[in-house]
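Visitor: Could you take me closely through the hollow spaces of this protein, and then through what surrounds them? I would like one connected account rather than a list.

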Amino acid sequence: MDPLTQGVIGSVASQQYAKKKYFIMATILGFFSGMAPDLDILIRSDTDPLLYIEYHRHFTHSLVFIPFGGLLCALFFYYLFAKRTGFGFKRTWIFCTLGYATHALLDACTTYGTQLLWPFTNTRFAWNTISIIDPLFTAPLLGLIITAAVKRNNFFSRLALVWVIVYILFGIVQRERAEAIGWQLAESRGHKPTELEAKPSFANLLVWKIVYSTEQGYYVDAVKVGVSHKVYEGDYIKKLDIEEAFPWLDANSQQAKDIERFRWFSNGYIALSPDHANRVVDIRYSMIPNEIKALWGVQLDPSKSGDDHVEYIIDRKSDRATLNKLWSMIID
């Protein structure tokens with residue numbers, strides 16, 4: 001989830017147990033602790049570009065790490081400013097831990113994948129109930145926590161918590177409706193999917209991306225789920241066949257190993273880019289939900305040595321025409 005939303009949700013949690021005289025401090029501590037787990041983005045390597053995606057949403061997002069993460073935040077913020085205000089360490093730790101605890105659970109509600117149960121498993125949990133950026137979710141929460149802090153009244157915090165629960169539940173209902181439509185669409189084509197997922201498109205819960213796989217490839221469509229529904233049929237792409245796509249690639253080379261690392265990151269949803277030679281892409285994400293225009297992928301190079309890594313490519317560019325196209329789906 002975006003950093004602002006993570007901070008806001010952290011404040012919602014910390015405000016629930018704050019007394020009037022502690023409200024401002026609880027809001028601040030919860031806000032910054034709610035964002036803290038994403039400091040794992042600093043784990044990078046100049047020589048291994050995939051180290052970043054391996055460790056983002058890794059141990060800092062594990063449920064077992066919550067008390068330690070809360071403690072680290074408490075130590076930092078206590079000696080940075082809380083101690084000077086006469087705020088006790090135990091209370092600082094409680095508010096920091098409450099804020100920290102919300103982060104991984106909120107991330108798991110998105111589609112990216114979060115290692116909630118590390119170190120017991122490296123499974124990436126993605127419940128697909130909310131977009132990674134959603135102003136309709138965040139804006140009311142921001143207003144409510146600010147109002148609660150100014151008035152020092154947790155009535156507004158309770159309203160914020162209700163909004164979180166209602167919105168997430170609505171996302172679950174919408175996901176289930178979208179998946180049902182996806183199964184019907186596949187059946188109408190005579191397909192028997194081996195796997196099917198519905199994912200919210202950018203910044204809304206009305207238009208959903210449907211991705212389902214057959215033995216040969218992936219089908220990508222979009223559905224608008226409102227009072228009624230509308231299907232936007234989309235693209236098809238073959239599953240990645242490494243030997244066919246890269247006959248020159250040594251199976252023991254670092255680039256071959258990097259493809260498998262990227263496959264794990266993408267939950268298996270990888271294919272050869274239709275637009276770029278020697279590029280493997282994650283087909284789960286695109287600005288327009290019924291298109292295969294990947295936001296990221298890995299670029300291979302046949303001229304590299306066996307020890308060289310792939311290049312990690314991010315392509316999140318979106319012009320006005322793209323945004324207008326998505327908007328037209330939402331309001332159609």
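Guide: A cavity, as the word is used here, is a set of grid points where a 1.4 Å probe fits but cannot get out, whereas a pocket is an open set with protein on both sides. The model is a predicted one, and by that definition it holds one cavity of 30 Å³ or more.

The volume of the largest cavity is about 40 Å³, and its lining is made by Tyr 52, Ile 53, Tyr 112, Trp 296, Tyr 312, Ile 314 and Arg 316. Helix H3, residues 51-55, and strand S8, residues 311-314, are the elements that give two or more residues to this lining. Sorted by class, the residues around the cavity are six nonpolar and one charged, with no polar residue.

Turning from the enclosed space to the open ones, the largest pocket has a volume of about 740 Å³, and of the 30 residues that line this pocket, Ile 132, Ile 133, Leu 295, Trp 296 and Arg 316 are the closest to its centre. Trp 296 and Arg 316 have already appeared in the lining of the largest cavity. The lining of the largest pocket divides into 15 nonpolar, seven polar and eight charged residues.

The second largest pocket, with a volume of about 360 Å³, is lined by 23 residues, and those nearest its centre are Lys 293, Ala 294, Leu 295, Asp 315 and Lys 317. Leu 295 is therefore a name to keep in view, being listed among the residues closest to the centre of the largest pocket and among those nearest the centre of the second largest. Strand S6 (279-282), strand S7 (296-299) and S8 each supply at least two residues to the lining of the second largest pocket, and the residues of that lining comprise 10 nonpolar, six polar and seven charged.

Two features of the backbone belong to the loop between helix H5 (89-108) and helix H6 (135-151), where Pro 119 is found and where Asn 128 also lies. Most residues other than glycine have a negative phi, and most peptide bonds are trans. Against that background, the peptide bond from Trp 118 to Pro 119 is cis, with omega near 10 degrees, and Asn 128 has a positive phi, near 55 degrees.

H6, which follows that loop, also packs against another helix: the axes of helix H1 (residues 3-15) and H6 come within 10 Å and cross at roughly 45 degrees. Angles from 65 to 115 degrees count as roughly perpendicular and those under 35 as roughly parallel, which is why H1 and H6 are described as oblique to each other. Their crossing is left-handed, and the contact brings Leu 4, Thr 5, Val 8, Ile 9, Ser 11, Val 12 and Gln 15 of H1 together with Phe 137, Thr 138, Leu 141, Leu 142, Ile 145, Ala 148 and Ala 149 of H6. By class, this contact has 10 nonpolar and four polar residues, and no charged ones.

A second helix pair can be read in the same way. The axes of helix H2 (residues 23-35) and helix H4 (residues 66-82) come within 11 Å and cross at roughly 135 degrees, so that H2 and H4 are likewise oblique to each other. H2 passes H4 in a right-handed crossing, in which Met 25, Ile 28, Leu 29, Phe 32 and Ser 33 of H2 meet Cys 73, Phe 77, Phe 81 and Ala 82 of H4. The residues of this contact are eight nonpolar and one polar, with no charged residue.

Notes
Residues are numbered from 1 along each chain as its sequence is written. This is a predicted model: local features need pLDDT of at least 70, side-chain atom pairs count only at pLDDT 80 or more; totals for chains, interfaces and linings use all residues. Side-chain values use heavy atoms; hydrogens and water are left out. Axes are lines fitted to C-alpha atoms, for helices over the stretch in contact, and angles run from 0 to 180 degrees between N-to-C directions. Helices (H or I, at least four residues) and strands (E, at least two) are DSSP runs, numbered from the N terminus. Angles under 35 degrees count as roughly parallel, over 145 as roughly antiparallel, 65 to 115 as roughly perpendicular and the rest as oblique. A crossing is left-handed if the near helix is turned anticlockwise from the far one by less than a right angle, and right-handed if clockwise. Contact means heavy atoms within 4.5 Å. Ala, Val, Leu, Ile, Met, Phe, Trp, Tyr, Cys and Pro count as nonpolar, Asp, Glu, Lys and Arg as charged, and the others, Gly among them, as polar. On a 1 Å grid over the protein atoms alone, a cavity is a set of points where a 1.4 Å probe fits but cannot get out, and a pocket is an open set with protein on both sides within 12 Å along at least five of seven lines; lining residues have an atom within 4 Å of a point. Grid points are joined across faces, edges and corners, and a volume is the space filled by probe spheres set on the points.
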